[in-house]
Amino acid sequence: MRTTVSDTRIEAELPSPPDELVQLLDPEGRRIEDPLYDPYVSDVSGEALLRLYEDLVVVRRIDVEATALQRQGQLGLWPPLLGQEAAQVGSALALRADDFIFSSYRENAVAYCRGVELPQLVEVWRGTAQSGWNPYAVNMATPQIVIGAQTLHAVGYAVGCRHDGVDTATITYFGDGATTQGDVNEAMVFAASFGAPVVFFCQNNQWAISEPVGLQAQRPIAERAPGFGIPSIRVDGNDVLAVLAATRRALDRAHRGDGPTFIEAVTYRMGPHTTSDDPSRYVDPLQREEWAAKDPIARVEAHLRDAGVLTDETAASVAATADEVAAAFRAGCLALPNPAPLSVFDHVYAEPHTGLARQRSQQEAYLRSVGELEGGAE
Amino acid sequence: MTELTLAKAVNSGLRRALADDDRVVLLGEDIGPLGGVFRVTDGLQRDFGTDRVMDMPLAESGIIGMAVGLAYRGFRPVCEIQFDGFIYPAFDQIVAQVAKLHYRTRGAVRMPITIRVPFGGGIGAVEHHSESPEAYFAHTAGLRVVTCSTPQDAHTMIRQAIACDDPVLFFEPKRRYWTKGEVDEDADFPFDRARVLLEGADVTIVAYGPLVATAIDAAIAAGDEGTSVEVIDLRSLSPLDLDTVEASVRKTGRLVITHEAAQFGGLGAEIAASITDRCFLYLEAAPARVTGFDTPYPSARAEEHFLPDLDRILDAVDRVLGRQNALTGWSAS
Ligand SMILES: Cc1ncc(C[n+]2csc(CCOP(=O)(O)OP(=O)(O)O)c2C)c(N)n1
Ligand SMILES: [Mg+2]
């Protein structure tokens, strides 16, 4: 598991409504000074930033490989994160190992940073299981597909941590579309009512499938939180440094017991909603081009090259590392076993259930009779 | 007559409903420029405008709740729930409001709301995209629940659902969206009657939605082995056309019911109980159910181990014919 914990402590209150977009690296890779947020990333320059760059490159490479695997029929579906690498990597690396994550389905880079094994990352998308990893092993719940549901789970977990007297923070990821759901709005009320140590991390990628963010919100999404009594930050979601700084600041508040924070990471979904989607029906190619110029990786690369930290040689070695990860990812994916016939009955209940037990035996008898089950019971 | 896929047949039915009655409005997620994730509403926003075909902010409870207000105001909302597993955020509005308003207001307020739901599995989808929640709604007084299995029914029944003054849950068998068939736009038949699709003398198979095609395949396979199977497509799940099933079972004396939904408390249980009641002296064997298991819908690569298929249906046909097999003598649950 990768984390980049910092011990920066700034007591300044967050403005409400949020100030301008927080940005520390502009699209050309120029470092923009920000007295408030700079201290949060004072440890991230040179080699440390190169490390972040490598993470960004690797998760993009994994994403590309997953799309290819889907096209080759090896995955049922894949929700690309292309364009959202900085928002995911920057926020995930800000977390402490004991902090807990409740995400949606798109945060595969977050899961990667959390140390989820590569094949486990795609089990759900290959269709071999309903989830790939044990949430307690990496302190991250498995992907949530029901839009917004996870935000309430995060608030509950956060309140539980406080009851337990630990300073663990909880973070929940969701999209711009999700901000319309009742669950998300309820989660914000609950978090504010109980001062829950939770960070609401909204990746505003401008789209909910085919619906532009303007259908969900008439004002910047970050402006909604203060109405619930939750301070918020609007951050350039394509700027990994700014995302890291903003998330560290929000987590710091949670760890200190200062309650919830809302972060809107303004980014763009450069790919289709999922591999099943056809964005040519609704995306304006000009808008996509504008965002392509704000690429989250290109700006880090430009910055590192300017600083002389990244040479053609290091860039090539980073790319080679990414290719290796992708190859291991592919091999692990292809090796995932298909579920056994009777496995559909597993784990429905934690305690024995007589009705289901009987149905399972019935199906076992049937499968044996038609020769689809060999050997002993499984 | 034109040949259409089932998805296109719903589309042409919606188009006719929008054209015939300007109080019809469509509400849903991604139903505008995208035309819905299954393209069922393709071209409708372009042709009828954004006031009649509304892309809704992402909240199912909001969609149904707003439809209630529109219905109060005399509109006939047609709501699309993107996938079966996403109807639950709207469950409260459907069960506590849509279903009960006519009763609550002693008939003063009508709720001619149609709720379209692509349902069922078999498409290798991720979690929450393959469910069969029809029994929850059939269990709720005040709602009508129907499903279609052919393009003709899809076209005619969606128009009937929209024209109906009661709320209708309209379940579309998503794995059959690409099935083609002839559609006669002027065809008309009762909305709440089952249909005998194949006549037979020995066994009655009752199916609906996605499994109708599987039941027909089973009947043909059984026919090859000398068993004459009658296949009934229920079409309406609430009300149930038990008269048609009863007439068939009086003739055959044997009943197999199949659905993808879980067995426990499902439509099969209701039909088996009612038909046992009505046909006790005519039955040669206990009715058999071939259903999804009482488990959550499994992951894509396990769905073949979950869904009722031809072999499981034939196994049940054998059983009601008194041929001993592995499941003889097992009472369910
Ligand atoms: C309750 C619910 N309704 C509908 C869907 C179908 N659906 C899947 S993703 C999506 C759009 C989500 O948009 P957003 O929250 O912005 O997240 P993004 O996909 O952009 O990451 C929709 C409508 C769902 N998964 N859950
Ligand atoms: Mg989005």
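This report describes two ligand sites, one helix and some unusual backbone spots in a predicted model.

Residues count from 1 along each chain as its sequence is written, chains are lettered from A and ligands numbered from 1 in the order in which they are written. Local features need pLDDT of at least 70, side-chain atom pairs count only at pLDDT 80 or more, totals for chains, interfaces and linings use all residues, and side-chain values use heavy atoms, leaving out hydrogens and water.

**Ligand 1**

Ligand 1 has 20 residues around it. A residue is near if one of its heavy atoms lies within 4 Å. A:Tyr105, A:Arg106, A:Ile145, A:Gly177 and B:Glu60 come nearest. The site is shared between chains, because residues from chains A and B surround ligand 1. By class, the shell holds 10 nonpolar, six polar and four charged residues. Here Ala, Val, Leu, Ile, Met, Phe, Trp, Tyr, Cys and Pro are nonpolar, Asp, Glu, Lys and Arg are charged, and the others, Gly among them, are polar.

The table lists polar contacts of ligand 1, meaning pairs of N or O atoms within 3.5 Å.

| Ligand 1 atom | Protein partner | Distance |
|---|---|---|
| nitrogen | A:Ile145, polar backbone atom | 2.8 Å |
| nitrogen | A:Ile147, polar backbone atom | 3.1 Å |
| oxygen | A:Asp176, side-chain N or O atom | 2.9 Å |

The protein covers 96% of the 580 Å² of accessible area that ligand 1 has on its own. Such areas come from the Shrake-Rupley method with a 1.4 Å probe.

**The magnesium ion**

A:Asp176 also serves ligand 2, a magnesium ion. The protein donors are A:Asp176 (OD), A:Asn205 (OD1) and A:Trp207 (O), lying 2.1 Å from the ion. Donors are N, O and S atoms within 2.8 Å of the metal (3.2 Å for Na, K and Ca). Their spacing in sequence is D-x28-N-x1-W. Both A:Asn205 and A:Trp207 are buried, that is, under 20% relative accessible area with a 1.4 Å probe and protein chains only.

**A helix in chain B**

Helix H1 of chain B covers residues 6-20. Helices are DSSP runs (H or I, at least four residues), and strands are runs of E, at least two. At 1.5 Å times one less than its number of residues, H1 should span 21 Å, and its end C-alpha atoms are 21 Å apart, which agrees. Its buried residues include B:Leu6, B:Val10 and B:Leu14.

**Backbone exceptions**

Most residues other than glycine have a negative phi, and most peptide bonds are trans. A:Asn139 has a positive phi of about 55 degrees. A:Asn139 lies between helices H5 and H6 of chain A. A:Ile209 has a positive phi near 50 degrees. A cis peptide bond joins B:Ser238 and B:Pro239, with omega about 5 degrees.

How values were computed: Polar contact = N/O pair within 3.5 Å; in protein donor to acceptor, adjacent residues only side chain to side chain. Buried < 20%, exposed > 50% of the residue type's maximum accessible area, 1.4 Å probe, protein only.
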